[in-house]
Amino acid sequence: MRGYCSAFIMYKRAAEQNCLSLLQLCNSFSKLTQIHANILKLGHQNNPFILTKFTSISSDLNAIHYACSFIFSPESEPHYYDTFLFNTVIEAYAGITHFKRTAIRFYNEMLSHRIEPNNYTYPFVFKACAGIRDLSLGKTVHGSVSKLGFCGDTHVVNAMIHMYCSCENGIEFGEKVFDEMCETNSVSWSTMMGGYVRWQKSSEAVKLFRKMQIAGVRPDEVTMVMVLSACADLGALELGRWVESYIEKEKFEMRPELCNALIDMFAKCGDVDKALRLFRNMSESKRTIVSWTSVIFGMALHGRGLEAVSLFEEMRKAGVVPDDVIFIGLLSACSHSGLVAEGKKHYGCIVDLLSRAGLVNEAVNFIDTMPVAPNPVIWRTLISACRAQDQLNLGEKITKDLITNEPMQESNYVLLSSIYVKMLDWGKKTETRVTMAKRGIKKVPGSTMIELGDGIYEFVAGDKSQSEYPKIYEMVDEMEKKLKSAGYIATTSNVLLDIEEEDKEGALNRHSEKLAIAFALLKTPPGSPIRIVKNLRVCDDCHSATKVISMVYNRDIVVRDRNRFHHFKDGLCSCKDFW
């Protein structure tokens with residue numbers, strides 16, 4: 001009897017090894033189904049090692065649903081389930097875009113079976129929480145991690161930081177977790193920087209990168225991509241150039257992601273010719289759709305529409321299939337360059353194109369004939385055009401309809417206020433602002449950033465936070481006098497206040513762009529270029545004033561606003577008013 005048992009055990013082990021070997025060699029779904037049949041035939045449907053391997057191979061073959069229908073069938077015996085099996089299932093679903101919640105469901109099922117998670121479980125669970133951006137759930141999982149004592153595991157904590165940085169209102173929790181880490185690595189720093197960039201806190205990302213250098217932690221490729229993204233957001237060209245030289249000095253492998261980040265940074269920081277050179281230096285095999293998109297969008301930002309169209313045609317000849325994003329970039333380039341004939345191909349951008357060309361009625365007719373419902377972005381584009389072309393009653397009507405559909409969207413109220421200002425209807429303008437206040441809606445303040453030396457300085461309208469603000473305001477007053485001597489007249493219709501014309505001119509002179517330019521005039525050598533970045537669209541008055549400033553002070557001034565680059569020189573702007 002004892003010999004029979006030994007022989008049976010040896011047979012079972014041999015059969016188990018045979019199944020595992022077959023799974024290791026499995027490379028197709030049809031083979032997987034054959035192995036599945038063999039597992040059932042040999043009675044291995046409750047063998048934890050085989051089930052885990054079967055699940056892992058199924059995941060590799062995009063057949064995790066098939067595996068779970070077998071493993072978690074009504075006939076299965078749950079007491080054979082273990083931590084490794086659930087980890088494999090959770091990892092698989094956490095990696096699929098539309099099945100993050102399924103990963104969470106299996107995590108909960110794991111707990112319901114009283115199977116204890118380990119330090120490999122939680123990175124997958126946090127990844128799923130990040131994917132569905134569920135802050136409350138993430139906090140609950142954080143509590144479980146603390147209870148089980150995994151807060152000292154760097155891999156787990158890095159995933160936790162990523163989760164917090166992916167959720168709205170979670171960045172502060174991510175900061176707290178990062179600051180309390182006993183041991184960090186480059187992934188920790190890169191993840192926190194990525195969170196700052198995601199939530200438009202790029203200045204904080206740059207500060208963190210400098211702290212990382214002081215701490216002596218060597219950045220990796222992901223870190224460099226994050227820093228370059230922050231530079232692109234801030235328009236920090238000099239820092240971006242330093243990062244490029246650091247990449248060369250440290251001999252980072254120039255993978256497509258890093259090349260694309262460099263191209264995007266230079267394009268968004270104003271050196272689009274360098275971006276194009278980097279693109280040309282990439283081998284064709286390394287160019288991705290992101291590479292093409294970055295350089296085409298770069299041309300669009302700089303109003304170089306014909307070059308963008310040429311690059312697009314080159315991309316198609318190279319066999320790269322364009323997507324919606326690159327079409328938008330192409331049409332944006334046409335729009336900023338007034339290329340109406342070349343641009344009539346994509347709905348939202350066509351409305352923008354026609355609006356910028358002053359063809360408001362044609363834009364309205366186009367929207368009316370669209371086979372799909374226009375989205376709010378299209379309507380806001382048209383409203384801005386109505387205001388610019390003095391079709392104020394139409395703009396008011398469309399904006400009121402938009403507010404009905406989007407009662408909590410701040411930009412809708414700002415558009416309506418600006419229309420009432422142009423109508424000189426101060427009562428309705430005040431009513432609009434009162435409505436915003438009652439609903440708890442705040443206008444995003446305009447701000448302008450400038451990179452000087454090793455620092456990035458930010459200004460808002462009427463800013464007095466800078467230590468040298470008295471000198472800055474003296475320079476603003478000097479600018480105002482010189483502009484008036486040159487024949488400049490302020491565009492006071494931009495001021496959303498019912499005040500005297502003289503006071504309106506004073507308010508315009510305190511706009512963030514003018515404060516930043518005054519600061520640059522104080523801090524940079526005569527004749528040197530000035531580069532600033534505006535978070536909103538530059539207003540008509542600042543645009544007109546900057547043209548004259550470039551002539552009076554003999555400065556090339558580059559302004560990047562929310563829509564595009566403006567290159568001011570000798571009293572002219574590169575946009576030729578297509579902005």
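Which residue forms a salt bridge with Arg-304? Select Arg-304 and look around its side chain: the partner is Glu-307, with the closest N and O atoms 2.7 Å apart. The model on screen is predicted. Colour the pair by accessibility next. Glu-307 counts as partly exposed, at 33% relative accessibility, and Arg-304 also counts as partly exposed, at 23%.

Now select Glu-396 and Lys-428. Their side chains meet in a salt bridge, at 3.6 Å from N to O. This pair links distant parts of the chain, its two residues being 32 residues apart. To see this, show helix α24, residues 392-405, which holds Glu-396, and then helix α26, residues 426-438, which holds Lys-428. Is Glu-396 buried or exposed? Glu-396 counts as buried because its relative accessibility is 12%, and the cut-off for buried is under 20%. Lys-428, on the other side of the bridge, is partly exposed, with a relative accessible area of 32%.

The next stop is a group of residues. Select Glu-221, Glu-253 and Arg-255, which are joined into one network by salt bridges that share partners. Within this network, zoom in on Glu-253 and Arg-255: their side chains meet in a salt bridge, at 3.3 Å from N to O. Glu-253 is exposed, with a relative accessible area of 52%, whereas Arg-255 is partly exposed, at 39%.

To end the tour, zoom out to the whole model. How many salt bridges does the structure hold? The count is 23, and among them are the bridge between Glu-307 and Arg-304 and the bridge between Glu-396 and Lys-428.

Note on methods: Residues numbered from 1 in each chain as written. Predicted model: local features only at pLDDT ≥ 70, side-chain atom pairs only at ≥ 80, totals over all residues. Heavy atoms only, no water. Salt bridge = Lys/Arg side-chain N within 4 Å of Asp/Glu carboxyl O. Buried < 20%, exposed > 50% of the residue type's maximum accessible area, 1.4 Å probe, protein only. Helix = DSSP H or I, 4+ residues; strand = E, 2+ residues; numbered from the N terminus.
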